[in-house]
Amino acid sequence: MNLIDQKKTLRNDLLARRDAIEAAERQRAQTRIAEIGAESLSAQGPLTISVFRSFGNELDTAPLMQALAARGHTLCLPVIVARGQPLIFRAWMPGEPLVPGKFRIDVPAQTQPVLDPEILLVPLLGFDEAGYRLGYGGGYYDRTIAGLRARKPILAIGLAFAAQRVDHIPRADYDERLDGILTERGYRLFDR
């Protein structure tokens, strides 16, 4: 099976696995992720952190966004500029208005400033212990992480339920490695 087919099969398996998480377990995990994330990511003081708005059966990031904002972090949300291009990040805080974006994901208005985050909280379908993630297949985060790393030090942290861990993520040369992972079981950085 080629790499594209391997990733497609794994995506389908991981979507089903994430769908199977029961509502009560999902709620407990999201609350715990917000607690762990706010504590762990605040150790260095206020930073600019890219979060993402959940869609589908992704974990609900709203509790974490609220907790980070309460600790004084500057938040921003990813915005798709065009297919094949890196994401940009526009300033946003919980409660501020959003406008329709691509893939039916609301984003901050174009009047909001573009920011370069120091920490990116990255969505994913699956992750492995080597620090690789399986995303949705558009390559947006891989291009974005590579571009930001070329300009400055950043931390790319995968945000997921612990059930999304797999033994191995099939990968290509362009797949960017995460610096860490945040789940309901904890926050940790991967060995370099």
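This passage describes the nonpolar cores, one helix and the two largest pockets of a predicted model.

The largest nonpolar core holds 40 residues, and those that touch the most other members are Ile49, Val51, Leu64, Leu68, Leu120, Leu121 and Leu159. Two or more residues of this core are given by each of the helices H2 (23–41), H3 (62–70) and H4 (140–151), and likewise by each of the strands S2 (74–79), S5 (119–122), S8 (155–159) and S9 (180–183). The largest share, 5 residues, comes from H2. For leucine 159, once its neighbours within four places in sequence are left aside, the contacts are Ile33, Phe52, Leu59, Thr61, Leu64, Leu121, Val122, Leu124, Ile181 and Leu182. Another core, of 7 residues, lies apart from the largest one and includes Leu14, Tyr132, Leu134 and Ile169.

Helix H2 consists of 19 residues and reaches 26 Å from its first C-alpha to its last, which is close to the 27 Å expected at 1.5 Å a residue. Its buried residues are Arg26, Ala29, Gln30, Ile33, Ala34, Ile36, Gly37, Ala38 and Leu41.

The largest pocket, with a volume of about 800 Å³, is lined by 34 residues, of which Tyr136, Gly137, Gly138, Tyr140 and Tyr141 lie nearest its centre. At least two lining residues are supplied by each of helix H1 (3–19), S2, strand S7 (133–134) and H4, and the largest share, 4 residues, comes from H1. This lining comprises 18 nonpolar, 5 polar and 11 charged residues.

The second largest pocket contains about 150 Å³ of space, and its lining, which includes Val79, Ile88, Arg90, Lys102 and Gln110, divides into 8 nonpolar, 2 polar and 2 charged residues.

Key. Residues are numbered from 1 along each chain as its sequence is written. This is a predicted model: local features need pLDDT of at least 70, side-chain atom pairs count only at pLDDT 80 or more; totals for chains, interfaces and linings use all residues. Side-chain values use heavy atoms; hydrogens and water are left out. A nonpolar core is a set of buried Ala, Val, Leu, Ile, Met, Phe, Trp, Tyr and Cys residues joined through side-chain atoms within 4.5 Å. Buried means under 20% relative accessible area, exposed over 50%, partly exposed in between (1.4 Å probe, protein chains only). Contact means heavy atoms within 4.5 Å. The expected span of a helix is 1.5 Å times one less than its number of residues. On a 1 Å grid over the protein atoms alone, a cavity is a set of points where a 1.4 Å probe fits but cannot get out, and a pocket is an open set with protein on both sides within 12 Å along at least five of seven lines; lining residues have an atom within 4 Å of a point. Grid points are joined across faces, edges and corners, and a volume is the space filled by probe spheres set on the points. Ala, Val, Leu, Ile, Met, Phe, Trp, Tyr, Cys and Pro count as nonpolar, Asp, Glu, Lys and Arg as charged, and the others, Gly among them, as polar.
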